[in-house]
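Me: Please take a close look at a single part of this protein and connect it to what lies around it. I would like one continuous account, with every term explained where it comes up.

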Amino acid sequence: MLTTPLCAVLGIEVPIVQGPLGGPWSQLTDLPAAVCEAGGLGTIPTSLRTAGEVRADLAQLRAKTSRPFAVNMTRRPFSEDVFEALLADPPPVFWLSLGDPGELADRVHDGGGVFVQQVETLDQAERAADAGADVIVAQGSEAGGFGGQIGTLVLVPQVVAAVAPIPVVASGGIADGRGLAAVLALGAQGACLGTRFLASAECGVAPEWKDQITTATSEDAVKLAFAEHVFTPPTAGGYMSVPRSLRTGFVDEWNARVAEAAHDSDLLRAQLRMASANGVAHRLVPFAGQCAGLVGEVLSAAEIVRTTVADAERILTSWC
Ligand SMILES: Cc1cc2nc3c(=O)[nH]c(=O)nc-3n(C[C@H](O)[C@H](O)[C@H](O)COP(=O)(O)O)c2cc1C
């Protein structure tokens, strides 16, 4: 079985991390539970959730698995209420994305948790190391959802060198064993998969969105140039980031009319709010990464973990 020192830090069997997949859907725990049961690290997102909902998600996940899992927060925006709720009932792993760690690592360590920080630049990685991160997720610009501008192949080795001996998990563009083998060769100790798990049987998003992913090409996954005019801005300490989504009529129109999007931002926000309320936000903005071009079918989370690890192992041993 393929393991790295990261596995001992996170209490997992194989070096696969499920990226948090936050959004306006209610069923958030089947996917992380399945990933944990398969030996990887499952993650619950908290974006758009109240402290009460997060407490309920934690209880639901604990009923489905006794293995370690992560809870993610971002600074787009950051909710002190949710963080306090997590401190009161600490998850094994706390994961911050899209913003400066500040004092959060110390507060998580006081509660006995492992602190994971996601970064998109070398400077953010050095800040995370200084703040006491136990694990750093280096995410390249191929990734779905909010992210940076530097590709995974370029970012990961620089972060690995800068923060050693802190274990680094590579993220962005990894959908199978070839990707896992590649990032291990870059010095990462594990891989974070987001888009691949979005198109898994257990993920709580609409089947239509999974179909969009399995039929997309990599060219369909574009950065949203108009994002700042429609999405909530980061709160204090938040990093600048631009989301990546599959193309739709809405995405193409507003990517071509960014100045008008600034003017019509109230209208665009209202359209997105209504689509979210009706469970069809993916018809406007189906967040996904460039590796959608590598994802041809919906699979169970266990199958994704198993084949990714087995294929990476086969590739790595065939080189020796
Ligand atoms: C629909 C969607 C929602 C996401 N939500 C979050 C989130 O709430 N917090 C976060 O840190 N990352 C979020 N991400 C990023 C993923 O966790 C993961 O890091 C990323 O998808 C990895 O790149 P990949 O898409 O190339 O696999 C999201 C990504 C997608 C596609």
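Reply: What follows begins with strand 6 and then turns to the ligand shell, the two domains and two single residues.

The model is a predicted one, in which local features need pLDDT of at least 70 and side-chain atom pairs count only at pLDDT 80 or more, while totals for chains, interfaces and linings use all residues. Residues are numbered from 1 along each chain as its sequence is written.

Strand 6 spans residues 135-139, and 5 of its 5 residues are buried, so this strand is largely enclosed by the rest of the structure. Here a residue is buried if 20 or more other C-beta atoms lie within 10 Å of its own, exposed if 12 or fewer, and partly exposed in between, with C-beta atoms placed from the backbone. Strands (E, at least two residues) and helices (H or I, at least four) are DSSP runs, numbered from the N terminus. Both faces of strand 6 are covered, since V135, V137 and Q139 on one side are all buried, as are I136 and A138 on the other.

Strand 6 pairs with strand 5 (residues 114-119), to which it runs parallel and is joined by 4 bridges; two strands pair if DSSP finds at least two bridges between them. Within this pairing, Q117 stands opposite I136 of strand 6. The chain passes from strand 5 through helix 6 (residues 122-131) to strand 6 in a right-handed β-α-β crossover, right-handed meaning that, with the strands pointing away from the viewer, the path from the first strand over the helix to the second runs clockwise. Strand 6 is also joined by 4 bridges to strand 8 (residues 168-171), again in a parallel arrangement, and there V137 has V169 as its bridge partner.

Turning to the ligand, 30 residues surround it, of which G19, G22, G145, G194 and G289 come nearest; a residue is near a molecule or strand if its C-beta atom, placed from the backbone, lies within 6 Å of it. Strand 3 (69-74), strand 9 (190-193) and helix 9 (195-198) are the elements that give two or more residues to this shell, and helix 9 provides the largest share, 3 residues. By class, the shell holds 11 nonpolar, 17 polar and 2 charged residues, where Ala, Val, Leu, Ile, Met, Phe, Trp, Tyr, Cys and Pro count as nonpolar, Asp, Glu, Lys and Arg as charged, and the others, Gly among them, as polar.

The domain assignment gives domain 1 (5-205 + 295-319) and domain 2 (207-283), with bounds that come from an automatic or database domain assignment. Between these domains, the contact takes 25 residues from domain 1 and 17 residues from domain 2, two residues being in contact if their C-beta atoms, placed from the backbone, lie within 7 Å. On the side of domain 1 that touches domain 2, strand 7 (145-147) and helix 9 are the elements that give two or more residues, and the largest share, 3 residues, comes from strand 7.

Two single residues complete the account. R244, found in strand 11 (residues 242-246), is buried, with 24 other C-beta atoms within 10 Å. Leaving aside neighbours within four places in sequence, R244 is in contact with residues including G145, G147 and G289. P92, in the loop between helix 4 (80-88) and strand 4 (93-97), is partly exposed, with 17 other C-beta atoms within 10 Å.
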